[in-house]
Amino acid sequence: MANTITLEGEVRNEFGKGVARRMRVAKQIPATIYAGGTEPSFVKLPMKETTLALRRANALFTIKFGNETKMAVVKDVQRNPVKRQVEHIDFYEVRAGEKVVVDVPVFIQGVTKGAAVAFIDMQNLQVRADVTNLPERIEVSVDGLADGDKVLAKDLVLPEGAELVIDSLEDSIVTVEVPKEEAASTSAGTETAEGDAPAEAAAPAADEKAAE
């Protein structure tokens, strides 16, 4: 089983905006753990440790509270729109061997040829994987790719047992092309060079006339 992030919290039995505000002042975050078919669990978690843990995409959590321990993944995070402080977290309880669908960010690696630039067509992809092996990111290599090349969904390398949840494996994930501005600059440079050529060729003729 993959390593999990362990958070030790407390049972939460008070509710409302005022209660939540007092919890945040006390450096705690209200959270709810949902489980299919059963009543959710309400907990409060340490703010610093939990906020740091949320930096890991698709992390698997072991949450201890009261006499219970639950394994869960993050379902939703509510943040203050101004301070960006975490105000509430929804978790979804999972069990070893269970597969869930998560959003995974796409990152580019490598260097393209010439002036070509790699553009990400899909910033996030949905992936179904075992809860103990959830990918944090999908890395796409663009090493040596040139203008006009594409990386399709079918070309991606995923962790063992993981599968894409996508309409078509022919969908483009990354497109490599020369930016229009760069292409226009190159074209203009070529035209200027071609325009200078006749003037250079005309110089000898002018010298010959002077000699006469």
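## Arg95 and its partner

Arg95 is exposed in this predicted model, and its relative accessible area is 54%. Exposed here means over 50%, so the value for Arg95 falls in that class. Arg95 forms a salt bridge with Glu93, and the closest N and O atoms of this pair are 4.0 Å apart.

Glu93, by contrast with exposed Arg95, counts as buried, at 11% relative accessibility.

## Salt bridges

Side chains of opposite charge can pair when their charged atoms come close. How many salt bridges does a search of the whole structure find? The search gives 8.

One of them joins the side chains of Lys70 and Glu93, with 3.4 Å from N to O. Lys70 belongs to strand β6 (residues 68-79) and Glu93 to strand β7, so this salt bridge ties together parts that lie 23 residues apart in sequence. Lys70 is buried, with a relative accessible area of 13%, and Glu93 is buried as well.

Another salt bridge links the side chains of Arg137 and Glu139, at 3.3 Å from N to O. Arg137 is partly exposed at 41% relative accessibility, and Glu139 is partly exposed with a relative accessible area of 40%. Elsewhere, salt bridges with shared partners connect Glu68, Lys70, Glu93 and Arg95 into one network.

## Asp90, a charge without a salt bridge

Strand β7, residues 86-93, also contains Asp90. This residue is buried yet has no salt bridge. Which side chain of opposite charge is nearest to Asp90? That side chain is Lys75, 6.1 Å away. A salt bridge requires a nitrogen within 4 Å of a carboxyl oxygen, so Lys75 at 6.1 Å does not form one with Asp90.

Leaving aside residues up to four places away in sequence, Asp90 touches Thr32, Tyr34, Val73, Val74, Lys75 and Asp76.

## A sheet of 3 strands

An open sheet is built from 3 strands in the order β9-β14-β12, with antiparallel pairing. Strands β9 (117-120) and β12 (150-152) are at the edges and have a single partner strand each, so one side of each is left without a neighbour in the sheet. On average, neighbouring strands of this sheet are turned by 15 degrees against each other, direction ignored.

The pairing of β9 with strand β14 (residues 172-177) is antiparallel and runs over 4 bridges. Which residue in β14 does Phe119 stand opposite? Phe119 faces Thr175 there.

Key
Residues numbered from 1 in each chain as written. Predicted model: local features only at pLDDT ≥ 70, side-chain atom pairs only at ≥ 80, totals over all residues. Heavy atoms only, no water. Pairing = 2+ DSSP bridges. Helix = DSSP H or I, 4+ residues; strand = E, 2+ residues; numbered from the N terminus. Axes fitted to C-alpha atoms, helices over the stretch in contact; angles between N-to-C directions. Buried < 20%, exposed > 50% of the residue type's maximum accessible area, 1.4 Å probe, protein only. Lys, Arg positive; Asp, Glu negative; His and termini not counted. Contact = heavy atoms within 4.5 Å.
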